[in-house]
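Please work through the following exercises with the sequence and the model at hand. Each task is followed by a solution in steps.

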Amino acid sequence: MPNATLSMESPTQAAPPSGRDWFSAPPRHEEPADLPGWYRDLRAESWHQFLETPGPVRTDESWRFASLKQVQFDTLRMAEAVADPEPVIDNTLDRGLRLVAARFVFVNNRLALGESFALPNGVICLPIGEALVQHGDLVREHFMQEGARLGGAKFAALHGAATLSGLFIHVPKGVVIEDPIEVSHWAGGDGAVIFPHLLVVAERGASVSVVERHRSINTTDATLSIGMADLAPEDGGRIQYVCVQNLNDQSRQIQLNGTRVGRDAKALSCFVNLGGRWVRNESVSRLTGPGADSEMLSANLADGDQEYDQRTLQLHEAQHTKSDLLYKNALYDRSRTIFAGLIRVCPGAHFTDAYQKCRNLLGSDEAEANSMPGLEIDADQVKCSHGSTSGQISEEEIFYLKARGIPPRRARQMISQGFLAETIERLEGVELREAIGHRFEERFAVLA
Amino acid sequence: MNRSLSIHDLHVSVNGIEIIKGLTLDIPKGEVHAIMGPNGSGKSTLAKVLAGHEDYEVTGGQVTMDGEDLLALEIDERSRAGLFLAFQYPHEIPGVTNANFLRAARQARLPKGEEIDAVAFYKEMYAKMDQLEMDRKFTGRAVNEGFSGGEKKRNEVLQMMMLEPSYAILDETDSGLDIDALRIVANGVNAMRSPDRGFLVITHYQRLLDYIVPDKVHVMFDGRIIRSGKKELALELEEKGYDWVKAA
């Protein structure tokens with residue numbers, strides 16, 4: 001295993017950087033003057049925590065196999081306002097979904113476009129800053145409740161201290177939003193940081209789908225996105241969240257997701273990683289009421305020197321809950337992926353169904369896929385399975401495609417794309433599935 | 001110009017063991033030739049080696065298609081040059097829809113920069129699926145995934161109809177088919193018969209040849225053609241068994 005080289009790294013490493021090396025003051029920019037007091041307090045506390053919390057170290061299990069150099073930042077700075085966001089908006093519209101219930105575009109952490117199309121009455125869909133002012137109490141109920149349990153606590157604290165971009169979406173009882181809400185986050189400026197936030201609440205019988213897109217303004221600037229998404233499908237509610245990351249190959253992203261699924265509620269969350277230099281995804285699903293169901297998906301295409309580091313937790317706290325995780329990586333060149341997933345069935349969470357699968361398709365001898373599946377069961381009558389597989393494209397499949405006249409390179413692309421499609425097919429929304437399929441096609445087309 | 005698929009003194013080995021031991025066969029355009037033979041006689045090896053499978057090593061002989069050296073071509077080039085193999089065991093390709101698969105195969109036949117006409121493509125595909133009594137849902141399903149044996153074979157014939165080859169090799173396309181499926185598959189093949197197309201039908205059973213009536217029947221045994229004749233040979237074979245020709 002190529003992993004063996006990792007353990008040879010010296011255990012005595014430089015002290016992890018303190019927060020002050022990254023930011024000398026909380027990363028903020030212009031924002032509403034009348035932010036609620038609780039939020040100001042929370043931010044102050046977050047900043048304090050950020051300074052106190054040590055950065056990632058090798059000895060921490062949650063950073064095992066991780067490339068720590070990717071989080072040893074030099075001085076960071078808040079992204080600056082872009083003089084003319086119009087070209088970026090145009091690009092967003094060109095490549096975005098046609099059928100959306102609402103569309104928001106944030107450029108360097110600032111709202112550049114917000115439009116809604118017949119959102120049902122009672123739905124709140126606002127930039128987080130405005131929501132804090134107008135619906136402070138509602139936001140407070142769910143805001144950053146889930147914390148960061150999988151290693152990203154320092155980044156979560158920094159996120160909590162910063163001026164946030166992104167949306168608060170609240171769907172009241174029984175309201176179903178048919179078309180997805182699309183949020184795009186663009187970043188530019190070398191060393192610039194953005195803080196995308198998403199908080200979605202679906203009340204009883206309510207349903208909403210949110211697509212978050214992460215893009216770079218240009219191909220050269222190395223940016224950092226520290227984002228959080230909290231999903232709260234309450235009893236009988238339903239939320240789909242798809243995060244499509246297609247940053248330039250200099251940029252990094254840390255995305256921390258917390259999902260709390262209530263009684264008979266359903267969550268579906270999906271990471272799609274196509275671009276970026278280094279990406280860390282942490283995703284926690286808490287199943288808190290009987291009948292809760294969480295589907296956790298990811299489809300990733302890595303090439304060059306890209307690294308995707310994904311950590312997950314399926315936390316079954318109540319009886320009769322279900323979680324199903326499927327993460328798939330297609331790797332090329334010298335790319336690396338890390339998957340570390342834990343199914344935890346808490347005491348008393350009987351009749352749990354929990355599944356976890358990570359599958360890797362290795363398109364090169366130098367690519368490296370690390371998988372660390374895990375199970376902890378403290379209940380009875382539980383159906384659990386976990387596993388990971390790594391393999392190469394079957395020569396017999398290639399033969400079949402070539403025997404129909406499809407050139408070898410195209411045959412490999414089609415099979416790899418088909419491999420990833422298995423996760424995408426589980427998403428709701430024809431246009432969304434097709435759009436992601438096209439993005440993969442574009443990426444595969446330029447793969448050597 | 002030579003208008004045939006010509007195999008001359010072909011020798012083929014797998015892992016150093018000779019499977020085909022000097023086989024000669026000429027399939028002119030416009031004709032249907034059947035190869036029959038017991039298990040292990042080398043029938044499927046012949047099919048795969050003609051398609052270009054890399055596990056099989058040609059140690060001697062020539063194969064030409066309309067005068068062109070077939071063995072010099074890559075697998076995908078052979079297909080685009082007009083050769084088609086209907087697989088005995090078609091592979092499943094997860095996540096690749098039947099429609100996209102066929103489209104890619106057709107696209108590969110167009111000059112660089114030219115795009116397939118999607119509307120015309122679907123229209124044609126649906127018409128041919130109707131002919132094979134295939135449900136439209138098969139266009140959106142992953143290639144062969146979860147298909148029954150009969151559905152896989154129909155899918156092979158659909159691919160043949162869409163790719164319109166000059167020479168088609170059907171490797172035990174009848175195996176695993178019930179009588180209705182067999183009739184449908186055979187109708188599809190018969191509809192494709194033309195003076196510009198040659199067929200090599202490989203089968204274990206005479207039954208298929210009631211539906212696809214061959215111009216010639218060859219008996220293969222131990223890597224060679226040991227007997228050739230008209231369609232009646234198949235009936236005689238059915239009646240007397242392979243031991244009869246082996247003994248001869």
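The exercises below concern a predicted model and treat a sheet and an interface.

**Exercise 1.** Determine which strands flank S2(A) and in which sense each of them pairs with S2(A).

Solution.
- Step 1. Strand S2 of chain A covers residues 102–107 and pairs in the antiparallel sense with strand S3 of chain A, residues 110–116, over six bridges.
- Step 2. These two strands form a hairpin with two residues between them, and A:Asn108 in the turn has a positive phi of about 50°.
- Step 3. S2(A) also runs parallel to strand S6 of chain A, residues 181–187, to which six bridges join it.
- Step 4. A:Val107 illustrates both pairings: this residue stands opposite A:Arg110 in S3(A) and opposite A:Trp186 in S6(A).

**Exercise 2.** Place these strands in their sheet and identify the edge strands.

Solution.
- Step 1. The sheet is open, has ten strands with mixed pairing, and follows the order S3-S2-S6-S9-S11-S13-S15-S17-S19-S21 in chain A.
- Step 2. S3 and S21 (383–391) of chain A are the edge strands, as each pairs on one side only.

**Exercise 3.** Describe the interface of chain A and chain B, beginning with its extent.

Solution.
- Step 1. In chain A, 18 residues are in contact with 32 residues of chain B.
- Step 2. The two chains bury about 2000 Å² between them, with 66% of it on carbon and sulfur atoms.
- Step 3. Of the area that chain A buries against chain B, 40% is supplied by A:Phe399, A:Tyr400 and A:Arg404, more than any other three residues.
- Step 4. Two salt bridges are found across the interface; A:Arg404 forms a salt bridge with B:Glu156, with the closest N and O atoms 2.7 Å apart.

Notes
Residues are numbered from 1 along each chain as its sequence is written. Chains are lettered from A and ligands numbered from 1 in the order in which they are written. This is a predicted model: local features need pLDDT of at least 70, side-chain atom pairs count only at pLDDT 80 or more; totals for chains, interfaces and linings use all residues. Side-chain values use heavy atoms; hydrogens and water are left out. Two strands pair if DSSP finds at least two bridges between them. Helices (H or I, at least four residues) and strands (E, at least two) are DSSP runs, numbered from the N terminus. Contact means heavy atoms within 4.5 Å. Buried area is the accessible area (1.4 Å probe) that two parts lose on being put together, summed over both. A salt bridge is a side-chain nitrogen of Lys or Arg within 4 Å of a carboxyl oxygen of Asp or Glu.
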